[in-house]
Amino acid sequence: MAVFGYQNLGFGAGAEQGIVEIDVGSIDFNGGSSKIEYTENFFKLLGGPMNTSGGSPNAQGFISFWFKPDEIFSAGSKPIMQIGTHDGTPSIRLAYNFFSGGMYLEAEFVGSVNDVGTRVLYTTAIGSITGNAWNHIALGFNNGNISQFFIDGAKVASSGSTGSGADTAPADTENTVIGFDGSVYGNFCLAELYIDGVFRNTLSDLNKFISKVASPSAPTAKPSPIGKPVRLPSNTTHYYLTGTASSWANQGTNTLGTQTLSNITDCADSPSD
């Protein structure tokens, strides 16, 4: 059925029907010392190899999370997460930044260049994310590239020097760090971080993770107000990080190795509020 003119879809044949909003916990990264470390690579179980050591780079997958960044007014990239060591070897870095007029997302295959020698960096439109507010972020990976961005239930364009970075992606044995990139700490709240090896690139796919999405006739128009976190599909795979500062854990079917929380506290609110 439709809700306020936006899509509210079922999970499809053979699965739970309808969208069920849920109350979720959230955690706070203080911008100066907070981080969460995992000993294994967050992207290693995408639907294909992320690097050529496993054959042709054909990784497919999807990442979804809620985050509430501090509001920034000057340029300076701040990390959300980085996969891979911080010693100059290849890594994948998700971050937020500011340019005249607003904040935006960055996604980079660090250490990788495209066919004309330019670093592989994707950015969303200026003003596409909001400081001091909850934003739902979703990224689709296909053939080793980030091929879709969704923010708050709507498709957003990306720009920059794109191209396959899979040949220089982190090895499966590399680590994952949330909130720190080796030199800079991010200042944000985080909730419901999910990844699996299924490539999702439609609004109906997205409706498995947020209760309202844009209309297919206006796919770039965000619902207002935006949706809430929902009960995830029953076939949750790979990684699903959720909880509060005292309960944050991976409820997915695959391990991320040892989890180490450093100076993580509860966020004052949640995307469910």
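Asp70 is buried, with 15% relative accessible area, which puts it below the 20% cut-off. Its salt-bridge partner is Lys78, and their closest N and O atoms sit 2.9 Å apart. Lys78 comes out at 21% relative accessibility, so it counts as partly exposed. Keep in mind that this is a predicted model. Below is a quick tour of the chain as a whole, its salt bridges, and the surroundings of Ser211.

**The chain overall**

- Strands dominate the count here: the protein chain has 19 of them, plus one helix.
- Of the 273 residues in the protein chain, 51% are buried.
- If you take the contacts between residues at least 6 apart in sequence, 69% of them join residues at least 24 apart.
- The exposed area of the protein chain is about 10800 Å², with carbon and sulfur atoms supplying 50% of that.

**Salt bridges**

- The total is eight salt bridges, and the Asp70 and Lys78 pair is one that meets the rule, at 2.9 Å.
- Asp196 pairs up with Arg200, with 2.8 Å between the closest N and O atoms.
- Both ends of that pair are buried: Asp196 has 1% relative accessibility, and Arg200 has a relative accessible area of 8%.
- Glu37 and Lys35 also form a salt bridge, and here the closest N and O atoms are 3.6 Å apart. That still counts because the cut-off is 4 Å.
- Which end of this pair is buried and which is partly exposed? Lys35 is buried, at 18% relative accessible area, while Glu37 is partly exposed, at 27%.
- Not everything comes as a simple pair, either: Arg93, Glu106 and Asp181 are linked in a salt-bridge network.

**Around Ser211**

- Where does Ser211 lie? You'll find Ser211 in the loop between α1 (203-206) and β16 (239-242).
- Loop or not, Ser211 has just 4% relative accessibility, so it counts as buried.
- The Ser211 side chain makes a polar contact with the side chain of Glu21, at 2.8 Å.
- A polar atom of the Ser211 side chain also lies 2.8 Å from the backbone nitrogen of Lys228.
- Put together, the side chain of this buried serine has a side-chain partner in Glu21 and a backbone partner in Lys228.

Key: Residues numbered from 1 in each chain as written. Predicted model: local features only at pLDDT ≥ 70, side-chain atom pairs only at ≥ 80, totals over all residues. Heavy atoms only, no water. Helix = DSSP H or I, 4+ residues; strand = E, 2+ residues; numbered from the N terminus. Buried < 20%, exposed > 50% of the residue type's maximum accessible area, 1.4 Å probe, protein only. Contact = heavy atoms within 4.5 Å. Areas by Shrake-Rupley, 256 points an atom, 1.4 Å probe, with all protein chains shown as cover. Polar contact = N/O pair within 3.5 Å; in protein donor to acceptor, adjacent residues only side chain to side chain. Salt bridge = Lys/Arg side-chain N within 4 Å of Asp/Glu carboxyl O.
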